[in-house]
Amino acid sequence: MKYFFKLVRLILGPFLLLNEQITKPKGLVRNEIDQARVDDQCKQLALYQFSTCPFCIKVRQEMRRLSLNVEQRDAQHSTENRQALLTQGGSSKVPCLKITDEENQTRWLYGSREK
């Protein structure tokens, strides 16, 4: 079963990535000061993702639409990122947003319904 899904991902992956590029949304336009403020807040975020995961693609598209410059970490091909996701976050499920606050406390947001 594991190999079946790998095969499906291998076949469909390029089509998903092509569709992501074709349907790339235009970003929200802010003035320089507001965008700098948003960029500063986004420095505390890191998105762990797989390039061809449909849910990750959806998140990336929404980040583009909102002009959010969030660091993206490849947990599919990077053993280091996948290990950090598993050991620090508790699961290798993606997409996952790592949030580091001002006190250097880290939260891992796996589900879109979590707060």
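Here are a few points to look at as you find your way around this structure, which is a predicted model.

1. A good place to start is helix 1, which spans residues 2–22 and includes Leu7. Leu7 belongs to a nonpolar patch on the surface, together with Leu10, Ile11, Leu12 and Phe15. Together these residues have about 540 Å² of accessible area. Leu7 itself is partly exposed, at a relative accessible area of 45%.

2. Next, turn to helix 2 (residues 32–42), where you will find Gln35. Is Gln35 buried or exposed? Its relative accessibility is 16%, so Gln35 counts as buried, the cut-off for buried being under 20%.

3. Stay with Gln35 for its surroundings. Its side chain reaches the backbone oxygen of Ser67 at 3.0 Å. Leaving aside residues up to four places away in sequence, Gln35 touches Arg30, Ser67 and Asn69.

4. Helix 4 (residues 79–89) is worth viewing from its two sides. Asn81, Ala84 and Leu85 are buried in this helix. They lie on the same side of helix 4 because they cover an arc of only 100° around the axis. On the face turned away from that buried side sit the exposed residues Thr79, Glu80 and Thr87.

5. What covers the buried residues of helix 4? The cover includes strand 1 (45–49) and strand 2 (71–74), along with strand 3 (96–100) and strand 4 (106–109).

6. Finally, follow the chain just past the end of helix 4. There, Gly90 takes a positive phi of about 100°.

Terms used
Residues are numbered from 1 along each chain as its sequence is written. This is a predicted model: local features need pLDDT of at least 70, side-chain atom pairs count only at pLDDT 80 or more; totals for chains, interfaces and linings use all residues. Side-chain values use heavy atoms; hydrogens and water are left out. Patches are made of residues with over 30% relative accessible area and no salt bridge: like charges are joined within 9 Å, nonpolar side chains (Val, Leu, Ile, Met, Phe, Trp, Tyr) within 5 Å. Accessible areas come from the Shrake-Rupley method with a 1.4 Å probe; for residues, only the protein chains shown count as cover. A salt bridge is a side-chain nitrogen of Lys or Arg within 4 Å of a carboxyl oxygen of Asp or Glu. Helices (H or I, at least four residues) and strands (E, at least two) are DSSP runs, numbered from the N terminus. Buried means under 20% relative accessible area, exposed over 50%, partly exposed in between (1.4 Å probe, protein chains only). The arc is that of the directions from the helix axis to the C-beta atoms. Contact means heavy atoms within 4.5 Å. A polar contact is a pair of N or O atoms within 3.5 Å; within protein, one must be able to donate a hydrogen and the other to accept it, and residues adjacent in sequence count only if both atoms are side-chain atoms.
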